[in-house]
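This report takes up ring contacts, packing and strand pairing in one chain. Please keep the structure open while reading.

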Amino acid sequence: MARNAKPEPLVELDLNSPIFQSSWESLEPTEQEKAFATFEKITQLTWNQVYRDKGLRWEKIHSIPAPKGIDALYSFRVSKSIRGIGFREDHFLRVLLIEPDHDAAYGKK
């Protein structure tokens with residue numbers, strides 16, 4: 001790192017999407033605990049670390065068009081059975097929903 005370079009900020013989460021809130025409430029308590037642990041992990045990482053983290057499996061979604069004003073949607077592993085869907089905005093990860101059905105997260109159902 002260059003001497004005067006500012007350290008890369010850590011990722012901040014935005015979990016305020018109504019769809020996320022609804023999908024969160026439908027999770028079993030044990031799944032909520034796993035998801036919470038993943039979100040805690042993400043907030044300890046920089047974006048470069050998120051992109052490289054093998055456990056998160058950050059992937060661009062090609063099968064679902066991004067909403068207007070958003071470059072692309074991405075999926076990431078929340079737990080063994082749950083995927084998250086969201087997008088990056090500056091240093092925020094804006095989580096739109098969490099999907100307990102892995103295939104549905106990619107629009108395959």
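## A charge over a ring

In this predicted model, the charged end of R94 sits over the ring of F92. The distance to the ring centre is 4.4 Å.

## Aromatic pairs

How many aromatic pairs does a search of the whole structure find? There are 8. One of them joins W47 and W58, with ring centres 5.3 Å apart. Their planes stand at 75 degrees. Planes over 60 degrees apart count as edge-to-face, so the W47–W58 pair is edge-to-face. This pair links distant parts of the chain. W47 belongs to helix 3 (residues 47–52). W58 lies in the loop between helix 3 and strand 2 (59–60). The two residues are 11 residues apart.

Are these two tryptophans buried or exposed? W47 has 1% relative accessibility and counts as buried. W58 has 14% and is also buried, because the limit for buried is under 20%.

W58 also pairs with Y74. Here the ring centres are 5.0 Å apart and the planes are at 15 degrees. Planes under 30 degrees apart count as stacked, so the W58–Y74 pair is stacked. Again, distant parts of the chain are linked. W58 is in the loop between helix 3 and strand 2, while Y74 is in strand 3 (residues 74–77). The separation is 16 residues. Y74 has a relative accessible area of 22%, so this residue is partly exposed.

Ring pairs extend into a cluster. Its members are W47, Y51, W58, Y74 and F76.

## Nonpolar cores

In soluble globular proteins, nonpolar side chains tend to be buried together. In this chain, the largest nonpolar core has 17 residues. Those with the most contacts inside this core are F39, I42, V50, F76, L93, V95 and I98. Three elements give two or more residues to the core: helix 2 (29–42), helix 3 and strand 5 (92–99). F76 thus has a place in both the ring cluster and the largest core.

A second core is separate and has 5 residues. Among them are I61, I70, L73 and F87.

Which residues is V95 in contact with, leaving aside neighbours within four places in sequence? The list is L13, D14, L15, S17, F20, F39, F76, I85 and G86. F39 and F76 appear in that list, and both are named in the largest core as well.

## The sheet

In what order do the 5 strands form the open sheet? The order is 1-5-4-3-2, with mixed pairing. Strand 1 (12–14) and strand 2 are the edge strands. Each pairs on one side only.

Strand 4 (residues 83–89) and strand 5 pair in the antiparallel sense. The pairing runs over 7 bridges. R83 stands opposite E99 in strand 5.

## The whole chain

The chain has 3 helices and 5 strands. From the N terminus on, the elements run β-α-α-α-β-β-β-β. Buried residues make up 34% of the 109 residues.

Among contacts with a separation of 6 or more, 45% come from residues 24 or more positions apart. The chain exposes about 7100 Å². Carbon and sulfur atoms supply 51% of that area.

Note on methods. Residues are numbered from 1 along each chain as its sequence is written. This is a predicted model: local features need pLDDT of at least 70, side-chain atom pairs count only at pLDDT 80 or more; totals for chains, interfaces and linings use all residues. Side-chain values use heavy atoms; hydrogens and water are left out. Rings of Phe, Tyr and Trp (its six-membered ring) pair if their centres lie within 6.5 Å; planes under 30 degrees apart count as stacked, over 60 as edge-to-face and the rest as tilted. Helices (H or I, at least four residues) and strands (E, at least two) are DSSP runs, numbered from the N terminus. Buried means under 20% relative accessible area, exposed over 50%, partly exposed in between (1.4 Å probe, protein chains only). A charge sits over a ring if NZ of Lys or CZ of Arg is within 6 Å of the ring centre and within 35 degrees of the ring normal. A nonpolar core is a set of buried Ala, Val, Leu, Ile, Met, Phe, Trp, Tyr and Cys residues joined through side-chain atoms within 4.5 Å. Contact means heavy atoms within 4.5 Å. Two strands pair if DSSP finds at least two bridges between them. Accessible areas come from the Shrake-Rupley method with a 1.4 Å probe; for residues, only the protein chains shown count as cover.
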